[in-house]
Amino acid sequence: MTKRLLRIFGPLILAAILVFAVLAMPMKLGFSHVSAERERQAAVSLSPNVLRGKHIKQEALKDGYVPFFGSSEWSRIDPMHPSVLAKKYHRSYRPFLLGARGSQSLTQYFVMQNIQNELRNKKAVFVISPQWFVKDGTRKDAFGFYYSQLQTTEWLTHFRRDAIDRYAAKRLLQMPVAKSDHFIYAALQRVAAGKKLTDFQRFYLQTRKNMLTQEDQFFSGIDLPSQNLNRVNQQAKQLPTHYSYSALDSLGGRLGKAATNDNHFQISNKFYHQGLEKELKTGHLKNFQKHLSYTESPEFADFQLCLDQFARLNTNVLFIIPPVNARWQKYTGLSATMLKQFDQKIHYQLQSQGFNNIVDLSDKGNVPYFMTDTIHLGWRGWLAVDRRVNPFLSKQQPQPHYTMNDKFYSTTWQQLPPSQLAQYQQTNK
Amino acid sequence: MLSFEPYGNPTYFALLGVALLPLMIGLLYGKRSRLYETLISIFFLVLTFGGPKWTQGVALIVYVLYEVALTWGYAVYRKQKNSGPVFYLLVILAIIPLTLVKVTPAVENGQGSLIGFMGISYLTFRAVQTIMETRDGSLKNYQVMTFLQFMLFFPTISSGPIDRYRRFEHDYRTVPDREKYLGMVQKGIRYIFVGFLYKFIIAYYLGTLLMPKLLLMAMHSRGGFLDLSWPVLGYMYAWSADLYFDFAGYSLFAVGTSYIMGIETPMNFKQPWRSPNIKDFWNRWHITLSFWFRDFIYMRLVFWFMKHKVFKSPTTTANVTYIINMLVMGFWHGVTWYYIAYGLFHGCALVINDAWLRYKKKHRESIPHNWLTQGFAIFLTANLVCFSFLLFSGLFNTLWFK
C-alpha cells in the first residue's frame with residue numbers, strides 16, 4: 001500500500017514543495033530581464049497590474065524613465081502628451097505614467113513603497129487633481145482596485161514607528177480591502193497603535209513578500225496592453241520634425257479646434273458623445289456642482305503621505321495643478337472662488353514644507369484648447385506642462401530642502417475652512 | 001470571517017486536503033465515519049455560505065428543511081396511497097422556490113431573489129428526482145439523514161454533477177475495498193489536477209485575458225449586418241471554449257473530491273467536442289443534467305403523450321417533446337430572450353437531427369460513410385454548438401440593445 005500511496009501522492013507533494021520553494025525564494029531568478037520594448041509598453045500602458053506590481057517599474061526607472069504620478073489625465077494621449085513629446089524630440093528622459101482613473105494620493109503612497117531606491121535623490125512629476133479633494137477623499141472601491149498586497153507587505157517590512165506610518169496604517173485600516181489578508185490586517189492594527197510587529201508577523205510578512213515578489217516577476221508582464229504605445233507612436237507622426245514652441249502651439253490650436261467642433265464647451269467630440277450629450281439633455285448637469293467643495297477633505301492628509309515619502313527619499317518633485325475647463329465650470333456652477341481657495345490651501349501645504357516646484361495652471365481654464373474635456377489637460381495644456389517639465393528633467397536642479405510638519409495629518413488641517421487659512425498660517429508660523 | 005467560492009483559490013484546496021486526510025486514512029482501513037463526514041460537510045458549507053453571504057446560508061437552511069418536509073411527507077404517504085394529483089402537487093411545490101428565484105430577476109429588473117442561494121437548481125433537481133422515484137416505487141426506503149447527506153454533499157452542492165439518490169445511497173452505505181479505493185484516490189487526484197489545467201490556466205486565459213478584448217473589438221465593430229463582425233466569431237469560439245474548460249474544470253474538482261471521499265459521483269463531460277451529431281453531443285455535454293432532463297422530463301412527457309394518445313405518430317410525439325424539453329432547459333437557465341432562444345435552437349436541432357438519422361437509415365446504401373463525412377459531421381456539430389453558445393452568452397443582447 002505504501003508504494004501505491006507514494007506513487008499517487010509523491011508527484012503531488014513534490015509539486016507542492018517545488019512551487020512553494022520557487023515562490024518563497026528570497027532571491028531573484030536569472031530570467032528577470034525586462035526588454036526595452038516591454039518597458040516602452042509598460043511606461044504608457046496605464047495597466048493596473050503594472051501599477052500594483054514592482055519589477056517592470058523598477059527596471060524601467062533604472063533605465064532612465066521618470067515616474068509621472070497622477071490619475072486619469074494620463075490616458076488623454078494627443079500629440080502634446082508628455083510621453084509623445086519625449087519620444088518625438090528624443091528627450092533625455094521618458095515618462096513612466098503611474099496612475100489611472102480613480103488613483104489618488106493614498107494609492108500613490110503605496111506605489112512609492114517598492115520603488116524607493118529608484119526615487120531616492122531622483123526627480124519625479126506629480127499631477128495634483130483638485131477633484132481628489134472631495135468631502136470623503138479617495139473612493140474605497142477605487143482604492144481597493146489599485147490596492148497591492150505586494151506594496152503593503154513591502155511597506156510593512158520597512159515602516160517606521162512615526163506619525164507618518166501610523167497615519168498610513170490607520171487610513172489603510174479604514175479601507176475594506178485591508179481585510180483581504182487576515183495577517184496583514186492584524187499587523188496594520190499594531191502599526192496603527194504604534195507597536196512593533198511580533199516575530200511571527202515579521203516572518204509571515206517576509207515570506208508573503210517573497211512570494212508576491214516572485215509572482216510579480218513571473219506574471220505581471222503577461223498580457224501588457226499595447227494600444228497606448230500604438231497611440232503614442234501614431235500621435236508622434238503628427239508633430240513637426242523639429243521642436244518649436246510657436247509651431248506646436250498653433251498646431252495644438254488647430255487640432256483642438258477640429259476635435260471639439262460640435263459642442264460649445266470645447267470638449268472633445270468623442271468624449272462629448274460618450275454619454276455626456278445624453279446626460280446634458282436631461283438638464284440635471286446645469287449647476288450640479290454649485291455646492292461642491294475641494295477645500296475640506298481627508299485627501300489633504302493622504303497627500304501629505306506622498307510629500308513625506310518624497311522628503312524621506314529626497315526626491316525632487318515638480319507638481320502640476322491643472323485647471324477646470326472654464327466653459328464647463330460655468331455650466332455646472334462649480335465655484336471659481338472655491339477653486340482659488342483650494343489652490344491657496346494646497347500651495348501652503350507644499351511651499352511651507354519646501355516643495356517649490358509648482359506648475360500652477362489653475363487660471364488657464366479659459367485658454368482655448370487647453371483642456372481636452374471637462375477636467376483633463378489636452379493640446380495646449382500639455383504643451384504648457386511640457387514647457388516646465390522638460391527643463392526640470394533635462395537640466396540640473398538645485399537640491400530641495402524640505403521641512404516637514406506632521407500638523408498636516410491633523411483633522412484640523414484636513415477640515416480647515418478656507419476662510420480660516422490666513423489665520424492658520426499666522427498662528428502656525 | 002473567511003468565505004470562499006468552492007474550489008476558488010489555493011487556500012480552499014489546502015483546507016480541502018487537510019480535511020480529507022483523516023477521512024482518507026479511515027477509508028483505507030475500511031472505516032467510514034459518518035460523524036466526521038458530517039462535520040467537514042458543515043465546515044465547508046459554512047465556508048461557502050457563511051460570512052458576508054450569510055443570507056444565502058439562511059436561505060439554504062430554510063430551503064433544505066422545506067424539501068425534507070416534502071420528500072419525507074411524500075415517502076410516508078406513498079406507502080399507503082398513490083394518487084396522481086397529490087404527486088403533481090408535490091412536484092409543483094418542490095420546484096416553486098426555484099421558479100421564484102429564476103423569475104424574480106426578469107420581473108424585478110435584474111434583482112436577485114431573497115430566497116436564492118448558489119446551487120438551488122442542483123438541489124431542486126435532486127429533490128424532484130427523489131419524489132419521482134418514490135412515486136415509481138423504485139425508491140422504497142427513504143431516510144431523512146441519507147437524504148440530507150445526499151442534498152448537502154458539499155463537493156457537488158454549488159453546480160453538480162447531479163447524482164441520483166439510490167446511487168449515492170449505495171456508495172454512502174458501503175466502504176470500497178482497499179484496492180478499489182486506492183484506484184479511486186488515484187483517479188480523484190488526477191481529475192483535480194486536470195481541473196487545475198482546465199480552470200486556472202486555460203479558462204483563465206480565455207475568460208479573463210482574451211474575451212474582454214474580443215468583446216471590446218466586437219463592440220467597436222458594430223454597424224454592419226446585424227452588428228456581426230470577425231471579432232464576434234472569435235468571441236463565439238473563445239466563449240464556448242471558456243464555458244467548456246471552466247465548467248469541465250469545476251466538474252473535475254467536484255468528481256475528484258467525491259472519489260477521495262469514496263463516492264463515485266458520475267462524470268459530467270465525456271469529450272463533447274468529438275460528437276458527430278447534436279444528440280450525441282447531449283450524451284457527452286453536462287451529462288448529469290441532460291440525463292436528468294431525459295429521465296424526468298423527456299421520457300415522462302413521451303409516456304404521458306402516448307398514454308393519452310395526444311399525437312398519432314410516435315415521431316410527432318418525440319419532436320414535440322424535444323422542443324418542450326429544451327425550452328424548459330432554456331427557461332431554467334433564466335428568463336431572458338437569449339436563454340429561451342438557445343433552448344428553442346437546441347430543440348429544433350434535435351428534431352432535424354432525428355429526421356436526418358431516420359433518412360440516413362432508410363437510404364443507407366446511397367449515403368457515403370467514411371472519415372471525411374465523419375470529420376464533416378464533427379465540424380458541423382461543433383460549430384452549431386458554438387453558435388448556440390454565442391446565443392446563450394447574451395452577446396447579441398449586448399450588441400443590439402446596449
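Start where the chains meet: five residues of chain A are in contact with six residues of chain B. Color the chain A side of that patch by class and you'll get three nonpolar residues, two charged ones and no polar ones. Keep in mind as you click around that this is a predicted model.

Next, hide chain B and switch chain A to cartoon. Look for the open sheet of five strands, which runs β2-β1-β3-β4-β5 with parallel pairing. To find its edges, select 94–98 for β2 and 358–360 for β5 in chain A; each of these pairs on one side only. Turn the view and follow the twist across the sheet, which averages 20° from one strand to the next.

Now zoom in on one end of the sheet. Select residues 316–321 of chain A, and you have strand β4, joined to β5(A) by three bridges, with the two running parallel. Show side chains for A:Phe319 and A:Ile358: the phenylalanine stands opposite this isoleucine of β5(A).

From there, go to helix α18 by selecting 336–351 in chain A. This helix has 16 residues, and from its first C-alpha to its last it reaches 22 Å, close to the 22 Å expected at 1.5 Å a residue. Which residues of α18(A) are buried? Put sticks on A:Leu339, A:Phe342, A:Ile346 and A:Leu350, which are among them, and then add A:Asp343 and A:Lys345, two charged names that are buried as well.

Last stop: what covers those buried residues of α18(A)? Bring back β4 and β5, then select 421–427 for α21 of chain A; the cover includes these three elements.

Notes. Residues numbered from 1 in each chain as written. Chains lettered and ligands numbered in written order. Predicted model: local features only at pLDDT ≥ 70, side-chain atom pairs only at ≥ 80, totals over all residues. Pairing = 2+ DSSP bridges. Helix = DSSP H or I, 4+ residues; strand = E, 2+ residues; numbered from the N terminus. Axes fitted to C-alpha atoms, helices over the stretch in contact; angles between N-to-C directions. Expected span 1.5 Å × (residues − 1). Buried ≥ 20, exposed ≤ 12 C-beta atoms within 10 Å, placed from the backbone. Contact = placed C-beta atoms within 7 Å.
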